[in-house]
Amino acid sequence: MSINLEHTLKRTSRLVARARLRLVWEHYAPTLAPGFLAVAIFLLGAWMGVWQWIGDPIRLIALVATLSVLARSLYRALPIPVPTQSDARRRVEVDSGQAHRPLDVLDDRPALSADVWPSHQKAALQKAQFLKKAQPRPTLGPIDPAYLRFILPFLLLCAAIYMAGFSFERLRKAISPTWQSPIRSSSVTYEAWIDPPSYTGRPPLYFKETTDISVPAGSEFVARISGAKDAPRPRLQQGWRGTFLTPKRLGAKSFEVREIITGSATIEFRVGLDRKVFTLNIVDDTPPEVDIVEPPEADKRDRLVLSYGLKDDFGVEKLDLEMALLVEGFSEETIFDGVTVRADIALPGSKQTDVESASAALDLSKNRWAGKKVIGRLIATDGAGNTGVSGPAYFTIPDKIFVEPLAKAVAEQRGLVIAGLEKDYAPRPRPEWTAADGLMNEYRPRLTFDRAPAEIKRATLLIEAVTDQPSGFFEDPAVYMGLRHARSAMRHADGITLLEGLPEDLWKIAIRAEFGVLGTALEEMREAEEALREGIARRASKREIDTLFDRYNLAVDAYTEELRRKAQEEGNVAEGGGGGGGAMGSVDEIQELLKAIEEANAAGDTEGARIALAQLAELLENMQIQLSQGGGGGEGGDPASGSMSEEMKENLEDLADLTGQQRDLQDETERAERNDQSQPGEEELDPQELAGRQAELRDLLEQLDGAIPAQGENGQSGQGEESGEGEGGEQAGETGEGQSGEEGQSAGGTEQGEGQGGGRSTQELQDQLARGLGAADEAMQRSEEALAGGDLRGAGEAQAEAIQALRDAGEALAEAAIQQSGQSSEADGEGQDPLGRSADGFNDGNSEADIDDRDNATRSRELLEELRRRAAEQQREQEERDYLERLLKRF
């Protein structure tokens, strides 16, 4: 039989290794057993909470005793020799009944005669086939008759299973050298609750009848342990990861644990064999839902008004309007990936969890895309950072309409600067070297201004041209100095970053040029108001809010003082007036609202402060309208506070409606011309259908033309006959019928001079109204014919002419209505007839007619100011004020 030498050697090596382990156990186990027995008992006591229950000094005594027994055992084991490889071979050979040491023969090599060795090794190899495992010897049995060697390991295994996760913590605490007081589970009490994140606005959730609570992510777990001098550390288990929390001492026998919970977790306390477990289930914070309820549109104050709806489980904290400029071939999915502009929408202080419909007014007139059509969407952000996006909406950003030529010029230059800021300066050119006197080279760098964008260069040159001769052109030196400063900044700037604040400066200059010091004061007040509103919304510190409130208070004082000064200059209020009655009587209300804002903020009522701030802003806006026109609100305070006739109001409203419908038709015609079908949900526009709508509008114009009476047939003539006596009444009637010649002009001029402070005569207004309606009818006819023939471009031009003609007619009709209203109040004046003349029929010595030589822009602005003033008078009926509001909005 052949013997595999390699296999036999591997087998004998395993037998020898096992035998050596048995020898080590038999040599050291009896000596080390007392020490390991003491360690096992101490460890079992630690895991079962015995030492925690007993406390010091007994725990320390047990620890010292255990360490002493272990040290003694180790000391006694040191002299014992370690079994060798040869001892292990002998053990295997003896237990297998083999002699002559066959294992040594297999491992040895011949020293002298090599001839006889192979046969001797072969014999040893045959004997090795019969080797057996070393047999165990009784080791611990003689010294352990109670079988503790089996009982203690079993108890340790059970304790380790029961104390899963706490075994190492219990051992660490048991061997700690610090003094430990006993902890009894019967004397320990727990009080635990959850503090939800502040953005949820929810009160704390207490563990009362249950230990299982659902909480939002980011909640803080708070537990207080009382009744023990040394609190155990609780274990936080999140998924597969477990950590121990360190309690913070509050008192002699009270501790507190705080931990932010980011995921579902359990927190477990162990005192002895008792356990207290709190289960926390994380509830996902869903993203907010936001919708644009109605398409955004501009209001009378050039603000963008939009209605939106919100819904979120814990409330929306931030709402933004994101806008992107419409370009050719855009896609709703990718247009917001490019250049966008965001505007923050102020939300009330209370949480917006479910809002069906709310409105916001944004002043975007300073936006770089003002006056352009954009696509916008709302982005709502909740306290957890989740965002929700609304569907898109298409609208035109309202821009500020400047009337004063200088203000318009500054606004145009501001637009150039904004366009230039989107570009960068050209790279600095390489130095140009030229010889100077043949001795050395002279460096002549190119001017920085040459590297500026073309828009910056053009704006600089235009401002230089405007400010070239300030004498007699600039009434306000602040406007001139501001423009010169802007020109200097653009002339010497070395990079585009140095001009980033220039659009804001030019905006303030344009406001100052348009409205004077009052406009600057209004801008400063609005900026202070916005800063205060933002601070209240984000719950800024009391010190910061106080500073912002003081700034706003000063801005309000400066604004009201400027209003008062302007009113006094124009003679609308008495010098030093502003007491109890009239518009200046609102000063007391302003102070009350300021006090209400301060008190609400001090009390933490952010919602009340926000509402009071909005009321104050509305009051100041109305106060500006009233004071700038001398509106009083007190009895007899307004010389032209009479109301216009119902017929005149209906005619004005019908004309405004017709103008709005014609404007809508023009927009649809332009869209049909561009064949713009990019907006979803829009149907294709048919020119024939548009022609039919144009015919309907023309029919409405003919009905309106027949309904509007001639100026001699309206209520003015009747008033003259009723209130005038004898010759005065006859003259009023004759003037109303449109008399010609010098006498008629004189009467008309006096009427305007005394009733409206200077304006056009009745005949002029009648002529303008007739021309406007006739031109509108002719333009509508041409538009109808062009649409029927498919000429969309020609139809658009005719429609633009029709709109302008309707506006001219509306201006004349509105001015006539104001004159009629003013005359009805002046009819009560002593010694005057309805035309403002003295009782004897003469013009108080003024023989010359008062001819109005103002341009159309000035007259239009004054007309709009008069309409705004009347709309702000609270003593008028609500129906009339609503009508005036609609009229202002349409014109």
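The following paragraphs go through this predicted model from the whole chain to its sheets and then to a set of packed helices.

The protein chain contains 25 helices and 19 strands. It has 891 residues, and buried residues account for 43% of them. The accessible surface amounts to about 47500 Å², with 51% of that belonging to carbon and sulfur atoms. The contacts can also be sorted by separation in sequence. Of those between residues at least 6 apart in sequence, 73% join residues at least 24 apart.

One open sheet is built from five strands in the order β2-β1-β4-β8-β7, and its pairing is antiparallel. Its edges are β2 (205-206) and β7, each of which pairs on one side only. Inside this order, strand β4 (residues 219-226) is joined to β8 by eight bridges, and the two run antiparallel. One position to look at in this pair is F221, which stands opposite E259 in β8. On its other side in the order, β8 has β7 as its neighbour. Strand β7 (residues 248-251) and strand β8 (residues 254-261) are paired in the antiparallel sense through three bridges. R249 has F255 in β8 as its bridge partner. The link between these strands is a hairpin, with two residues leading from β7 to β8.

Another open sheet also has five strands, in the order β3-β10-β9-β5-β6, but here the pairing is mixed. The edge strands are β3 (212-216) and β6 (241-244), and each of them pairs on one side only. From one strand to the next, the twist averages 25 degrees. At the β6 end of the order, strand β5 (residues 235-238) and β6 run antiparallel and are joined by four bridges. Within this pair, R235 has F244 in β6 as its bridge partner.

Strand β15 is a useful place to look next. How many of its 10 residues are buried? Strand β15 (residues 373-382) has eight buried residues out of the 10, so the strand is largely enclosed by the rest of the structure. Buried here means under 20% relative accessible area. The pairings of β15 can be taken one at a time. Strand β12 (residues 304-325) runs antiparallel to β15, and nine bridges join the two. In that pairing L321 stands opposite L378 in β15. Strand β17 (residues 393-396) pairs with β15 in the antiparallel sense over four bridges, and the bridge partner of I375 in β17 is Y394. Strand β16 (residues 387-389) likewise pairs with β15 in the antiparallel sense, over three bridges. T381 stands opposite T387 in β16. The hairpin of β15 and β16 has four residues between the strands, and G385 takes a positive phi near 90 degrees in it.

The helices to follow are α9, α12 and α13. Helix α9 (residues 405-421) packs with α12 at an angle of about 170 degrees, the axes being 8 Å apart. The cut-off for roughly antiparallel is an angle over 145 degrees, and α9 and α12 are therefore roughly antiparallel to each other. On the α9 side, the residues that meet α12 include L406, V410, V417, I418 and L421. The α12 side includes L502, L506, W507, I509 and A513. By class, this contact of α9 with α12 consists of 14 nonpolar, one polar and two charged residues.

Helix α12 (residues 502-515) also meets helix α13 (residues 517-537). Their axes come within 6 Å and cross at roughly 135 degrees, which makes α12 oblique to α13. From α12, the residues in this contact are E504, W507, K508, I511, R512 and F515. They meet V517, L518, G519, T520, E523 and E527 in α13. By class, the contact of α12 with α13 has five nonpolar, two polar and five charged residues. W507 of α12 appears in the contact with α9 and also in the contact with α13.

Note on methods. Residues are numbered from 1 along each chain as its sequence is written. This is a predicted model: local features need pLDDT of at least 70, side-chain atom pairs count only at pLDDT 80 or more; totals for chains, interfaces and linings use all residues. Side-chain values use heavy atoms; hydrogens and water are left out. Axes are lines fitted to C-alpha atoms, for helices over the stretch in contact, and angles run from 0 to 180 degrees between N-to-C directions. Angles under 35 degrees count as roughly parallel, over 145 as roughly antiparallel, 65 to 115 as roughly perpendicular and the rest as oblique. Contact means heavy atoms within 4.5 Å. Ala, Val, Leu, Ile, Met, Phe, Trp, Tyr, Cys and Pro count as nonpolar, Asp, Glu, Lys and Arg as charged, and the others, Gly among them, as polar. Buried means under 20% relative accessible area, exposed over 50%, partly exposed in between (1.4 Å probe, protein chains only). Accessible areas come from the Shrake-Rupley method with a 1.4 Å probe; for residues, only the protein chains shown count as cover. Two strands pair if DSSP finds at least two bridges between them.
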